[in-house]
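Colleague: I am new to reading structures. Could we go through this one by question and answer?
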Amino acid sequence: MKRQPQIGWLADGRRFHLQDGPIDLIVEAHGSETNLRVAYQAAVRRFTGLLDELCDELALLRQAADPQRCSLRGIVARRMHAAVAPFAAEHFITPMAAVAGSVAEEILGAMVQENSLDRAYVNNGGDIALHLADSEQFTVGLMDRPDQFGLMRTMNIHASDPSRGVATSGCHGRSFSFGIADAVTVLARTASQADAAATIIANAVDLPGHPAIVRCPAAELQPDSDLGARPVTRDVGRLEQSEIAAALEAGAGKARALLASGLIEGASLHLQGETRVIALKKFDAKLPHLVRAVGTENAIHA
Amino acid sequence: MLTDATAATGDKIRCDACPVMCYIKPGAAGACDRYANHDGQLVRVDPHIVLERTVSHGGRLVPFQAGGDWDGKIVHEPDVFVTAIGAGTTYPDYKPAPFIVSSQIDGVDMVTVVTEGIFSYCGVKVKIDTDRFLGPETATVRVQGEAVGHVTTSEYGSQMLSLGGVHHLTGGSKKEGRVTCDTLMDLSNCKPVELVIDGGASVVVQAGYAPIVNGVAEERMRVGCGSATIGMFAKQWHGKVDEVVVVDDHITGVLSEHQAGKILDIPDTGIKMKGRRSTPGRYFQVAEPGTGWGGTRISDPLSVLGPFDPKVARPGMTMLMVSTTGEHAAYYELDEALKPIEKKMPADLKLSVERIQENCEPALCTVLFMGGAGGSLRAGVTDNPVRLTRSVKEALTRVTSGGAPVYVWPGGGITFMVDVTRLPAGAFGYVPTPALVAPIEFTLRLSDYAALGGHMDHVRPLASLKANPEARQVTPPQPSPGSRP
């Protein structure tokens with residue numbers, strides 16, 4: 001019997017929740033009732049079995065991507081590869097770096113394929129695929145630390161913008177990072193591209209050899225991690241302002257290069273309260289009054 | 001559930017919950033953060049549990065694959081997630097959400113975060129039933145030498161400690177944060193923790209068990225302060241003894257001077273108390289606090305007395321001295337020099353001491369986990385925080401934590417307290433931030449749900465979930481004795 005994903009509404013009755021194994025999707029669409037029904041049904045249909053499809057090729061997906069050629073078969077797997085391939089010549093990267101964004105993109109694609117929606121998003125643990133019809137827009141909130149509530153800022157993405165993908169990477173995440181960024185949020189044309197680029201930029205925010213940074217081989221944490229014995233960041237002690245600036249600059253340099261080559265539309269890098277924004281007028285379009293209530297508050301999910 | 005990667009040699013297990021088939025090290029979780037290796041056993045760490053409160057069974061915990069069957073409907077009422085749940089049940093979902101910010105907030109449609117997780121800065125309030133002096137108010141409470149909290153107020157036979165909070169979790173050294181986090185998690189998971197109080201005692205605290213103060217297990221919680229004890233037992237002493245002193249670190253009571261004695265026309269005895277008289281028959285500070293009689297540091301109760309007034313006292317007068325728990329008691333008669341001489345206690349007075357003991361409840365440590373939901377989220381997202389608070393509060397009928405009832409503190413936010421003994425075993429986790437992970441659920445009654453025009457035809461009876469092959473029966477935790485239901 002085919003394993004069924006968990007499907008349900010979140011408490012607000014507006015957001016749809018799809019979960020299977022490690023994949024958690026939050027989906028919300030706007031449009032006519034009939035079209036919404038069709039869209040959500042399409043999302044469920046496409047989601048069912050998607051994890052199995054990926055797992056069929058998991059071994060290959062966990063290997064360093066070949067920058068030239070792709071022997072993967074699945075459409076999502078191939079999208080993952082395509083997203084990481086531009087970085088594969090220069091960096092160690094596996095298609096897994098783009099899995100979240102690629103899945104989000106796939107589900108969104110299924111939703112809008114035969115169907116007109118005003119706007120929709122598929123949020124896969126912070127990696128988000130967007131659909132925007134004419135003159136629609138989304139407001140995306142950014143958080144640098146998931147353990148400290150409070151949006152750092154928000155940005156509006158308009159239908160006229162090229163970006164349809166948002167992704168965040170950092171060393172506090174569920175997936176491991178080589179870098180020390182609290183968060184790197186990237187806008188790109190697609191969610192899979194944003195996902196891969198966020199990984200690369202977050203890896204670049206680093207201070208190699210710094211004594212306050214605790215690293216540990218990924219395989220010691222997760223025996224079958226695609227990162228193998230490569231050291232991943234476990235903890236970052238307090239850094240000097242100059243060190244924070246240097247680490248952010250390393251990441252910002254990478255982000256500028258990706259922007260110049262058209263791989264991203266913009267990025268926002270965060271480390272210990274400091275932020276660098278690369279080429280994103282939208283990031284600054286709507287700065288909220290407060291940046292963060294310094295972590296004195298409790299935050300159980302509500 | 002992350003653990004630091006020490007070179008643990010324990011057995012990895014292969015998780016077969018989904019086709020990813022993660023190898024999971026002991027103490028670690030799989031890629032989904034839902035399943036973990038607990039001592040070689042694959043356990044679900046985000047149990048979707050339905051807590052069924054059946055009176056006949058005293059409640060049972062039945063795990064439940066959440067979500068139920070989606071019926072294809074587009075539903076906009078905010079309450080639909082309870083479709084699978086009957087009245088009086090709860091829906092604990094430990095699964096942290098990457099979707100923390102509700103979409104209504106000031107036009108923010110979604111939030112992008114690095115990860116998903118319940119990260120809570122929180123604390124525990126510990127109530128230690130003892131008369132013994134544990135340490136001065138505001139004294140630092142330490143574990144392994146690290147400051148994890150402080151002594152706070154003393155409330156009627158109990159000493160309160162306030163542990164954790166953000167200043168110890170993240171405000172101090174890394175070790176302080178880690179030790180605080182461990183302490184909070186252990187206490188919340190009903191494990192014993194030794195606390196050492198600056199300028200005070202060492203006390204082993206375990207939720208639902210008696211405190212162990214300086215190596216001695218406390219037995220009883222006092223029936224009341226010394227003065228209250230006089231009031232409660234005056235009638236029983238009347239005619240059997242001339243004077244009674246209930247020795248108490250806080251308010252020592254003297255029968256002949258006390259209002260209760262006056263009503264019974266008990267004559268003056270010429271007794272002279274040390275300490276500061278508060279009102280007739282009630283004395284503060286008769287001795288230094290300690291772990292002796294009635295929470296003082298005395299071992300000889302006569303040391304709280306001055307000489308008897310020779311104008312009033314007469315030889316042969318009898319006196320009972322007893323502590324607030326009846327744990328200590330002695331009987332005296334005045335000799336020719338009006339000096340109290342200890343004598344064998346008459347049987348009827350012995351009975352009254354036993355009665356005091358009997359009226360004392362067993363001394364316990366109780367641990368209330370305290371956390372807030374949506375604290376700075378409000379401040380961080382909107383300049384009209386109350387609107388967010390209300391929107392959250394109005395959406396809830398009942399808040400529970402791991403299925404246990406909670407007290408929601410009035411005012412802003414959703415700050416709640418829960419008796420940790422009422423949660424399923426191992427309900428609390430942590431993240432290396434460091435912060436604690438605690439469950440919280442919001443539930444609607446079926447009747448309310450129906451009144452709202454809910455989708456009654458989609459309500460699934462709890463019984464239909466029991467056939468679920470993944471169901472893991474969990475013995476429901478009983479509240480600690482003496483704790484309120």
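Modeller: Start with helix H1 (residues 33-47) of chain A, which has 15 residues. Helices (H or I, at least four residues) and strands (E, at least two) are DSSP runs, numbered from the N terminus. The expected span of a helix is 1.5 Å times one less than its number of residues. For H1(A) that gives 21 Å, which agrees with the distance between its end C-alpha atoms, 21 Å.

Colleague: What kind of model is this, and how are residues and chains labelled?
Modeller: This is a predicted model, where local features need pLDDT of at least 70, side-chain atom pairs count only at pLDDT 80 or more, and totals for chains, interfaces and linings use all residues. Residues are numbered from 1 along each chain as its sequence is written, while chains are lettered from A and ligands numbered from 1 in the order in which they are written.

Colleague: Within what arc do the buried residues of H1(A) fall?
Modeller: A residue is buried if 20 or more other C-beta atoms lie within 10 Å of its own, exposed if 12 or fewer, and partly exposed in between; C-beta atoms are placed from the backbone. In H1(A), the buried residues are A:Leu36, A:Ala39, A:Tyr40, A:Ala43, A:Val44 and A:Phe47. The arc is that of the directions from the helix axis to the C-beta atoms. The buried residues line one face of H1(A), because seen down the axis they fall within an arc of 135°.

Colleague: Which residues are exposed on the other side of H1(A)?
Modeller: The buried residues of H1(A) pack against several elements of chain A, including strand E1 (6-9) and helix H5 (99-113). Two residues of H1(A) on the other side are exposed: A:Thr34 and A:Arg45.

Colleague: Which helix gives the largest share of the largest nonpolar core?
Modeller: A nonpolar core is a set of buried Ala, Val, Leu, Ile, Met, Phe, Trp, Tyr and Cys residues joined through C-beta atoms within 7 Å. The largest has 96 residues, and A:Ile107 and A:Ile201 are among those with the most contacts inside it. Its largest share, nine residues, comes from helix H6 (residues 191-204) of chain A.

Colleague: How many residues are in the other core, apart from this one?
Modeller: That core lies apart from the largest one. Its members include B:Phe133, B:Val151, B:Val304 and B:Phe369. In total it has 78 residues.

Colleague: What percentage of chain A is buried?
Modeller: Chain A has nine helices and 13 strands. It contains 302 residues. The buried share is 56%.

Colleague: Which strands stand at the edges of the open sheet in chain B?
Modeller: This sheet has seven strands in the order E19-E20-E18-E17-E21-E22-E23, with mixed pairing. Two strands pair if DSSP finds at least two bridges between them. Two of the strands have a single partner each, so one side of each is left without a neighbour in the sheet. They are strand E19 (276-279) and strand E23 (340-343).

Colleague: Which residue stands opposite B:Arg277?
Modeller: E19(B) pairs with strand E20 (residues 282-284) of chain B in the antiparallel sense, over three bridges. The residue in E20(B) opposite B:Arg277 is B:Tyr283.

Colleague: Along strand E12 (residues 193-197) of chain B, which side chains are buried?
Modeller: The side chains alternate along this strand. B:Glu194 and B:Val196 point to one face and are not buried. Pointing to the other face, and buried, are B:Val193, B:Leu195 and B:Ile197.

Colleague: In E13(B), what is the bridge partner of B:Val193?
Modeller: Four bridges join E12(B) to strand E13 (residues 202-205) of chain B, and the two run antiparallel. Their hairpin has four residues between the strands, and B:Gly199 there takes a positive phi near 70°. The partner of B:Val193 is B:Val205.

Colleague: Is B:Asp265 buried or exposed?
Modeller: B:Asp265 lies in the loop between helix H4 (259-263) and E19 of chain B. Its phi is positive, about 60°, although it is not a glycine. It has 7 C-beta neighbours inside 10 Å, so B:Asp265 counts as exposed.

Colleague: How far is the C-alpha atom of B:Lys344 from that of B:Ala330?
Modeller: B:Lys344 is in the loop between E23 and helix H5 (347-359) of chain B. B:Lys344 is exposed, with 7 other C-beta atoms within 10 Å. B:Lys344 and B:Ala330 are 14 residues apart along the chain, and their C-alpha atoms are separated by 8.2 Å.

Technical notes:
Contact = placed C-beta atoms within 7 Å.
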